[in-house]
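User: Please take a close look at one part of this structure, beginning with a single buried residue and its surroundings. I should then like to see how that part fits into the whole chain.

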Amino acid sequence: MRFRDRNEAGRQLAERLRKVLDETPVVLALPRGGVPVGYEVATALEAPLEVLVARKLGVPWRPELGMGAIAEGGALYLNTEVLAYADLTNEEALEVARQESRELGRRVRLYRGERPLPDVKGRTVLLVDDGLATGGTARAAARAVRVLGPRRLVLAVPVAAARTAKALLGEEVDEVVAVQEPPMLGSVGVWYEDFHQVDDEEVLALLMRAHHLGASPSP
């Protein structure tokens with residue numbers, strides 16, 4: 001069953017997450033596509049919403065093939081199998097990471113300005129995206145959150161590849177919550193009727209709306 005759009009997916013995901021209501025969670029959404037989903041989750045759970053920025057690292061001559069990811073604070077994940085397949089050294093992968101870090105920094109400044117990441121020490125963090133396929137970006141983002149000292153880290157997505165969710169559980173996050181976990185995912189986009197490319201303006205508008213409604217996290 002496909003979701004109508006990211007908003008509907010977020011509302012369905014929120015229903016699966018109501019069991020953490022008494023834990024006063026903080027929602028950290030991965031831009032861009034995770035922000036509409038995270039907005040619906042934060043609104044339904046009356047939780048604060050903020051973005052955590054991560055970037056996929058693509059193989060230089062085949063950018064759509066992810067070889068890892070970076071996230072705020074210097075968090076890094078490299079997929080050794082893809083590096084071997086592409087005959088890339090760690091040093092070559094790290095050079096791509098350095099290049100991508102400039103765009104990552106630009107997006108942090110654009111989306112949060114001078115706002116730091118919220119203080120999540122001892123709290124439950126819901127790390128939200130619009131889907132989980134290979135899991136590279138989610139791994140880097142989870143490592144960035146772990147450094148902040150949450151009591152519990154939950155990866156929350158409308159749809160997740162079952163094998164990837166199982167690999168991340170325990171290794172990177174404490175729990176994976178998904179509305180659907182198909183054994184054969186394909187691409188995340190096929191699980192949505194409307195999977196338009198979310199732009200910066202939409203991200204900023206949703207963050208502003210969330211903060212105006214009182215879903216702004218304490219620094």
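Analyst: A residue is called buried if its relative accessible area is under 20%, exposed if it is over 50%, and partly exposed in between, using a 1.4 Å probe and protein chains only. The model is predicted, so local features need pLDDT of at least 70 and side-chain atom pairs count only at pLDDT 80 or more, while totals for chains, interfaces and linings use all residues. Residues are numbered from 1 along each chain as its sequence is written, and side-chain values use heavy atoms, with hydrogens and water left out.

The close look begins with E40. E40 belongs to helix 2, which covers residues 34-45; helices (H or I, at least four residues) and strands (E, at least two) are DSSP runs numbered from the N terminus. E40 counts as buried because its relative accessibility is 13%. Its side chain forms a polar contact of 3.1 Å with the side chain of N7. A polar contact is a pair of N or O atoms within 3.5 Å; within protein, one must be able to donate a hydrogen and the other to accept it, and residues adjacent in sequence count only if both atoms are side-chain atoms. Residues up to four places away in sequence aside, E40 touches N7, G10, R11 and A14, where contact means heavy atoms within 4.5 Å.

One of these partners, A14, leads to another region. The C-alpha atoms of A14 and V179 are 9.4 Å apart in space, although 165 residues separate the two in sequence. V179 sits in strand 8, made of residues 175-180, and is buried because its relative accessibility is 14%. Beyond four places in sequence, V179 touches F3, Q12, L13, R16, V157 and P158.

L17 also has contacts with helix 2 residues and with other regions. It is placed in helix 1, residues 6-17, and counts as buried because its relative accessibility is 0%. L17 touches V41, L45, L126, V154, A156 and V177, when residues up to four places away in sequence are not counted. By contrast, L17 and N90 are 38 Å apart from C-alpha to C-alpha, with their positions 73 residues apart in sequence.

V154 is also among the contacts of T124. T124 lies in strand 6, which spans residues 124-128, and it is buried because its relative accessible area is 0%. The side chains of T124 and R151 are joined by a polar contact of 3.4 Å. With neighbours within four places in sequence left aside, the contacts of T124 also include E23, T24, P25, V26 and R152.

Another buried residue is found in helix 4. L104 lies in that helix and counts as buried because its relative accessibility is 9%. Its C-alpha atom is 7.6 Å from that of A71, which is 33 residues away along the chain. Besides A71, L104 touches V53, A54, R55, I70 and E72, again not counting residues up to four places away in sequence.

Some loop residues may be set beside these buried ones. On one side of helix 2, R32 lies in the loop that follows strand 1 (26-29), and the peptide bond from P31 to R32 is cis, with omega near 10 degrees. E46 is placed in the loop between helix 2 and strand 2 (49-51). Phi of E46 is near 55 degrees, a positive value in a residue other than glycine, and E46 is exposed because its relative accessible area is 74%. D87, in the loop between helix 3 (80-86) and helix 4 (90-112), also has a positive phi, near 55 degrees. With a relative accessible area of 68%, D87 is exposed.

Finally, the whole chain gives the setting for these details. The protein chain has seven helices and eight strands. Its radius of gyration is 16 Å, close to the 17 Å that the globule rule gives for 219 residues, so the chain is as compact as a globular protein of that length; this radius is taken over C-alpha atoms, and the rule is 2.2 Å times the number of residues to the power 0.38. Of the 219 residues, 55% are buried. Among contacts between residues at least 6 apart in sequence, 67% join residues at least 24 apart.
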